[in-house]
Amino acid sequence: MGKIMNKLKRAFPKRQTMFKVLTAFLIVSFFMTYVGYALSHQKTVLPDNPLKDTSDNSSRVPLVSDHKHLVHAEETRDSQSERENKENIDRKENEEEKNDQQEFQHAKKEKQSKEGQANQQHGHNSDGYTKGENAEGQGTGEDTGHSGEGDQVDNDSPHIEIKDPDHVTDGNGLKDNDYFTTTIVNGEVVTDEEYSFRIKQKEHDYIVKQTEVFVNEQLEEKFKGSVTLAEGQNTITVKVTYEDKDGKIFSVSKTYTVILKVKEIIIYSDLEDKAEVNKQELSFKARAEVDGEEILLTVLVNDGPLKEASTHQYEAVLHAGENHIVISAEHEGKKAEKAYSVIYQQPETESELTIDTNLEDQEVTHAAFSFFAVAKDGDEKADLSVTLNDESIEDDGKGNYSVTLSEGTNFFTLTAKSGEKTLTQDYTVTYAIPQSGEAEEEDGDEAENILKIIVPDLEDGQTLRNPRQTFHVKVVDDNGKQLQSNHIAITVTNNGKRVPYNHSNGTLVSYSLNVQNGPNHIEITAIDQKSGSIGTYELTVYGEIANEDEKIGSITFSLEASTIGLGYIIPPQEVDLYPNEPGSRTIDRVFKEYGIEYDYTGKHENSFYLEAIYKPGLVTNPVIPADLAELVERDFELNDYYSDFLGEFDFSSGAGWMYSVNGHYPNVGFADYYFKDGQVVRIRFTLALGADIGGGSPGTNYHKEW
């Protein structure tokens, strides 16, 4: 027994030494692992919206450029509990500790990848801003449309499909679509293989985990707002994967059909075949394109030709029963045609045809004369034709007529027509030139009430080489106060022929001038309907119409976002001009040169409105001047912004793009404005409906421009 005890005493010191060494090794290993883990999980503060006091816990304001690696995943409670449990486990086996550490690092990298993907999902919009939507909240805004690199989503997760009309089916019947929508027109026929669209998130609380776009069942790896179509029928599927507040993953998709017909004649119209209407006057739109370029078309109504009332707009008077409308176009030997049947159901009750006018038999002492007249068949508008001394005259589109009387008696004839019914009314207005004494008194009165007419787009004596020219007219009183155009009757003639009215925004009235070779003598008369004050303005411009491919001059062009501290996106530069090229085509050339994509409503030939521009890293470190930020926060609702594009409603509800020409802001879009040589054109980003850049409505501009 004593021998055994002696052996144990000799062996014990060795075991005690080995135990101490092993314990020290485990403590050092744990300390190094803990320090490395803590350093890798330190938080990085993201830059806030310059207009917000607190940072937004949203993946829609991501880090961009080379700094995305600074975003780390936060340690969850589960991982913290796991780490604490690991501290208490038996660490005697070094190999087991290494295996545990490898599993921990793998879980950490997977989580970083997923959270990094969530931070990128809302940071890019393919082409612009969702008009009228609030950009706040995790579940609103617009997606990139790319497939979320690094974010592995379970394909077996629940799936919901959006149907037409805009409902979804999830196995429990139909319900409203509360997830997303797009700007794709289902069944649309296009002529350009590059097809652009936007994905718009509706207001919800879901987190977008992944957005995928499939064209003809093939995934678009790098979707940036447009896809390439194949000839014929194409399917476009948009699939968005979400995570709800309980951590549940599910996906939603919608499939569209878009048809590409390259170099085919495509006719567009909002007419519906076999439509039944109860109004005799039918208004519809029609245009034709070949490979994205507009061509001439012919419209027949009941075998009679119908002229274009305004750009792409037609007005037809139907007869009772079935009416046949045929729209056709020809190009390079090809012909396309669309036929429609429209049935006019005449009201059973016989309505009374009337003419509402303030015209009356009278004697006046001014040659400039204006009146109001419209025709009605019951409650419906009827056709009205008006002649002055047997010459047809036109209104401004709202029933306001402005004419110049001849000395002596002037005969007005108003003729209303509705189907088989006709109503005619005659009036005489005598223009008597005042005697000398009366004239002096009359002239004296006019001198006190004279109106001043300003034409910011034209200069007397200048030469115009474009066959079309847009110009504006504004009227101020003798105190310099700009008058509201709806109270002013304006008449514009060129070489004695009336110049077509284009648009009025309440302060400016625009006109479209068809420039003639040689002198163009323009006469403008304005009459204040309330006070009777009159103003006249005359100027002469000279037309030297250029050939189609001939350069006609240049403008100085710039694209600016100084209101958010970005300065010039495109610095001032000269841009060449060509005949018959609307401003929308001019800026398209410039944007393509600078690699800028853009989103717009309308068409390049009609109603073009620039919604947003986009380019990777476009909005980096925006800084809004403090005094401007204070005004914007006072007057508008604040919104988020995106790193890759800039447009309508970014930063504030009053944000968007506006353009000025020689310091004046036109009241028409780019499609209706034709630039001329020497003009300075600035496209500027506003946060306050133009009040911060000198383009607000009268009385709304801030104390300076930023």
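Two strands pair if DSSP finds at least two bridges between them. Strands (E, at least two residues) and helices (H or I, at least four residues) are DSSP runs, numbered from the N terminus. The model is predicted, so local features need pLDDT of at least 70 and side-chain atom pairs count only at pLDDT 80 or more, whereas totals for chains, interfaces and linings use all residues. Residues are numbered from 1 along each chain as its sequence is written, and side-chain values use heavy atoms, with hydrogens and water left out.

Select first the open sheet of 3 strands, whose order is E42-E43-E44 and whose pairing is antiparallel. Strand E42 (597-603) and strand E44 (645-647) form the edges, each pairing on one side only. From one strand to the next, the twist averages 30°.

Next, select helix H5 (residues 583-593), which packs on the sheet and touches E42 and E43. Contact here means heavy atoms within 4.5 Å. The direction of H5 makes about 20° with that of E43; axes are lines fitted to C-alpha atoms, for helices over the stretch in contact, and angles run from 0 to 180 degrees between N-to-C directions.

Return to strand E43 (residues 606-614), joined to the antiparallel E44 by 3 bridges. Select Tyr 614: its bridge partner in E44 is Phe 645.

Finally, select Ile 570, in strand E41 (residues 567-577). Ile 570 is buried because its relative accessible area is 0%; buried means under 20%, exposed over 50%, and partly exposed in between (1.4 Å probe, protein chains only). Not counting residues up to four places away in sequence, Ile 570 touches Phe 557, Ser 558, Leu 559, Val 590, Phe 591, Tyr 594 and Ile 596. Ile 570 and Tyr 594 lie 24 residues apart in sequence and 7.8 Å apart in space, C-alpha to C-alpha.
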